[in-house]
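Subject: Structure handover

Hello,

Here is the structure you asked to have passed on. My notes on what was found in it follow below.

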Amino acid sequence: MTDDSSGTPAPDETTGDARGEELVGRVFLARVVEPGDEVAGRWLRECGVREVVRRLRSGGEPLPGVGGSRWAGLLARAGRADPDQDLEDAGAAGMRFVCPGDAEWPGQLDDLGDGRPIGLWVRGVPSLRMWALRSVAVVGARACTEYGAHTAASLSSGLAERGWVVVSGGAYGIDGAAHRGALAVGGATVAVLACGVDRPYPRGHTALISRIAEQGLVVGELPPGDHPTPSRFILRNRVIAALTRGTVVVEAACRSGSLVTARAAQRLGRFTMGVPGPVTSSLSAGVHELLRGEATLVTDAAEVVELVGDMGELAPPRRGPVLPRDLLEPAARTVLAALPGNRAASAEEIACGARTTPDEAIARLYELRALGYVERHGDGWKLTRQAMISVRGGRSPC
């Protein structure tokens, strides 16, 4: 579309061209720069995408903050980068590239400052921005116990049933259990990978990650075909933390990578939660250390939603079982408690034990007899078998 009088591009076309140029530039930079590089993030903030791309392509004077050897490494990467090919490969794999300024870009990622992603590769139909608005991260140990896997799955299914999106890393152990828990109830889940989202990792989760891409979203910073490394796993965790309203850790040893996610969530002002485990388990030691700090103890989805949800979304109060004798009037309970357990007693003796008058005691005893708690034995009163079971069942062993 052009302006009839001058032949120059109309404003919307100019804007579209600029957005297209920025997208291609960010695809180029995603191939050149490692995730979470704050120096490169500062370049983008201060110089803009176009200038950073130009300097890397031209091989000129290094940008501020890097030495000669690192600049040479970036130039070598830049020489091999082919953003058009990356976009073509992504399209063939059903992927799209989402970058800051796009309608689908989750604004909460901007909280990462210069460490925010250059852009995100996304597989799946739903809008990443809309899903991220109501999401919770569930992370934990890879070598988890049966208890941890069960807890993560039930927690995630409960969150999904309440309309929350479960975000995790697609790994073995707690991550996989969290994704499966959400999928099992037809819920929403997002896997944030530390590799190209067209190359599922771990390989044993290929079917799971493919199912997530069909029913939810698979997200990553790395361009198509890129492989994971230990540092990329650690840096991926900051995206999980920033994308969600809060992070729940289910089983984590003291050196677990999931604790990196939790600490990143704390730095970003997100809610940090932990599910307790056996004090004898090394896989719960990291979670317990979190709980000794600023993390909040949670045991189910309702308690998570109470923290991250809207005002008034409270978890139900915890109560023990209600015993039949709990429904008695206080005066009747006092008289019932005054009866000996192994013999009959007179009304006077029971009144003394209940600290009331004999007439009051007799009135309560007749009431208790009608309810099946006591019976007459001559001039005395004795507990029935039903009452013995009720009293013993509710009495503290201490």
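To begin with helix 13, the residues Ala 301, Ala 302, Glu 303, Val 304, Val 305 and Val 308 are buried there. Please keep in mind throughout that this is a predicted model. Helix 13 covers residues 301-308, and six of its eight residues are buried, so the helix is largely enclosed by the rest of the structure. What does the covering of those buried residues include? Among the elements that do it are strand 3 (135-140), helix 7 (146-161), strand 7, strand 8 (271-275) and strand 9 (296-297).

Nonpolar cores

The largest nonpolar core has 33 residues. Leu 109, Val 190 and Val 249 are the residues with the most contacts inside it. Helix 10 (residues 230-243) gives the most to this core, contributing five residues. Another core, of 21 residues, lies apart from it, and its members include Ala 152, Val 166, Ile 174 and Val 308. Val 308 is also one of the buried residues of helix 13.

Val 190 deserves its own entry. If neighbours within four places in sequence are left aside, Val 190 is in contact with Trp 131, Val 165, Val 166, Val 167, Ser 168, His 179, Leu 217 and Val 219. Val 166, in that list of contacts, is a member of the core of 21 residues.

Helix 2 against helix 3

Helix 2 (residues 38-47) and helix 3 (residues 49-58) have axes that come within 7 Å and cross at roughly 120°. That angle makes helix 2 oblique to helix 3. From helix 2, the residues Trp 43, Leu 44 and Cys 47 take part in the contact, and they meet Val 49, Glu 51 and Val 52 of helix 3. Sorted by class, this contact has five nonpolar residues, no polar ones and one charged residue.

Salt bridges

There are 19 salt bridges in the structure. Three of them are described here.

Glu 22 and Arg 26 are joined by a salt bridge through their side chains, at 3.1 Å from N to O. Both sit in helix 1 (residues 11-32), and being four residues apart, they are separated by about one helical turn. In general, an α-helix has 3.6 residues a turn, so residues three or four places apart point the same way. The two partners are not equally covered: Glu 22 is partly exposed at 24% relative accessibility, whereas Arg 26 is buried, with a relative accessible area of 5%.

A second pair with this spacing is found in helix 16 (residues 358-370), where Arg 364 and Glu 360 are four residues apart, about one turn of the helix. In their salt bridge the closest N and O atoms are 2.8 Å apart. Arg 364 is partly exposed, with a relative accessible area of 23%, and Glu 360 counts as partly exposed at 28%. Elsewhere, salt bridges that share partners join Arg 31, Glu 34, Arg 77, Asp 86, Asp 226 and Arg 232 into one network.

Within that network, the side chains of Asp 226 and Arg 232 meet at 3.6 Å, N to O. Are these two residues buried or exposed? Asp 226 is buried, and Arg 232 is buried as well.

Backbone points to look at

A cis peptide bond joins Tyr 201 and Pro 202, with omega at about 0°. Pro 202 is placed in the loop between strand 5 (189-193) and helix 9 (206-215). Gly 204 lies in the loop between strand 5 and helix 9 too, and at 54% relative accessibility it counts as exposed. The C-alpha atoms of Gly 204 and Val 218 are separated by 16 Å, the two residues being 14 residues apart along the chain.

Two residues that are not glycine have a positive phi. Glu 251 has a phi of about 65° and lies in the loop between strand 7 (246-250) and helix 11 (258-267). Arg 355 has a phi of about 55° and lies in the loop between helix 15 (347-354) and helix 16. Their surroundings differ: Glu 251 is buried, with a relative accessible area of 2%, while Arg 355 is exposed, with a relative accessible area of 73%.

Regards

Note on methods:
Residues numbered from 1 in each chain as written. Predicted model: local features only at pLDDT ≥ 70, side-chain atom pairs only at ≥ 80, totals over all residues. Heavy atoms only, no water. Axes fitted to C-alpha atoms, helices over the stretch in contact; angles between N-to-C directions. Helix = DSSP H or I, 4+ residues; strand = E, 2+ residues; numbered from the N terminus. Parallel < 35°, antiparallel > 145°, perpendicular 65-115°, else oblique. Contact = heavy atoms within 4.5 Å. Nonpolar A, V, L, I, M, F, W, Y, C, P; charged D, E, K, R; others polar. Salt bridge = Lys/Arg side-chain N within 4 Å of Asp/Glu carboxyl O. Buried < 20%, exposed > 50% of the residue type's maximum accessible area, 1.4 Å probe, protein only. Core = buried A, V, L, I, M, F, W, Y, C linked by side-chain atoms within 4.5 Å.
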